[in-house]
Amino acid sequence: APAPPPPPAPPPPPPAFQGLPWGADEAQIAARFGSRLQPAACDAALRVQAQRLGELCESPGIPRYEVAGVPFVLTLHLDAEERRLVRVTLVHTAEYPRSDEPRWSDNHRVLRRLLSQRYGGPEFTDLQHDAGISTAVARWRTGPALIELSSSFQARSGNNPAREQMSIVYKSPWHGEASKL
């Protein structure tokens with residue numbers, strides 16, 4: 001009797017970030033980003049958060065990863081047990097003590113336009129102003145993964161500087177509590 005045909009090859013993992021698939025291991029990440037990688041800073045609060053998420057606290061990252069002139073801290077979050085890529089975050093924070101504050105909405109608009117060029121129009125957007133803090137959120141879905149751009153700006157008040165925070169988060173649907181559903 002002829003041998004049964006070999007089973008079909010599993011489909012390649014879907015892309016996560018910069019050519020890396022979800023589930024990429026540390027060697028794949030190092031091959032992609034090279035010597036720029038450093039372990040993420042990990043204090044006690046971050047360790048608790050990483051443990052809650054089932055992630056390695058000292059995941060690899062790049063301390064200055066610039067996108068459209070905005071300096072982000074890039075972290076490639078690894079699963080604590082298998083040490084494989086499960087989440088990607090880019091975080092930018094800045095304080096402006098004088099009147100040199102940027103046009104916050106311009107930074108958000110530029111990043112939103114760049115993400116839309118890559119992933120199409122966002123499936124969700126929201127803009128809120130509450131107690132002196134402006135917050136904007138936009139979400140995209142690429143395959144089963146979720147990408148979220150979140151920006152907030154707090155204007156200067158009294159002696160307190162203006163504060164800007166922006167984050168872009170790529171989330172795998174195969175990690176954490178969502179993977180149990």
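In this short talk I will go through the sheet, the core, the disulfide and one helix of this structure.

Please keep in mind that this is a predicted model, in which local features need pLDDT of at least 70, side-chain atom pairs count only at pLDDT 80 or more, and totals for chains, interfaces and linings use all residues. Residues are numbered from 1 along each chain as its sequence is written, and side-chain values use heavy atoms, with hydrogens and water left out.

Let me begin with the sheet. Eight strands make up an open sheet with antiparallel pairing, in the order 3-4-5-6-10-9-8-7, where strands are DSSP runs of E with at least two residues, helices are runs of H or I with at least four, both numbered from the N terminus, and two strands pair if DSSP finds at least two bridges between them. Strand 3 and strand 7 are the edges, each pairing on one side only. Strand 7 (residues 124-130) is joined to strand 8 (residues 133-142) by seven bridges, and these two strands form a hairpin with two residues between them, where Ala131 in the turn has a positive phi of about 50°. On strand 8, Ser134 is a useful residue to follow with your eye, since His129 stands opposite Ser134, and Ser134 in turn stands opposite Phe153 in strand 9.

Now to the core. The largest nonpolar core, meaning buried Ala, Val, Leu, Ile, Met, Phe, Trp, Tyr and Cys residues joined through side-chain atoms within 4.5 Å, has 30 residues, and Phe17, Phe33, Leu76 and Leu90 are those with the most contacts inside it. Strand 5 (residues 70-78) gives the most to this core, with five residues. Buried here means under 20% relative accessible area, exposed means over 50%, and partly exposed lies in between, with a 1.4 Å probe and protein chains only.

Which cysteines form the disulfide? They are Cys42 and Cys57, whose sulfur atoms lie 1.6 Å apart, the cut-off for a disulfide being sulfur atoms within 2.5 Å. The two cysteines are 15 residues apart, Cys42 in the loop between strand 3 and helix 2, and Cys57 in the loop between helix 2 and strand 4. Because the torsion about the S-S bond is about 100°, the disulfide is right-handed. Cys42 is partly exposed, because its relative accessibility is 21%, whereas Cys57, at 12%, is buried.

Finally, helix 2 is hardly covered, with one buried residue among its 10, and Gly54, which follows helix 2, has a positive phi near 70°.
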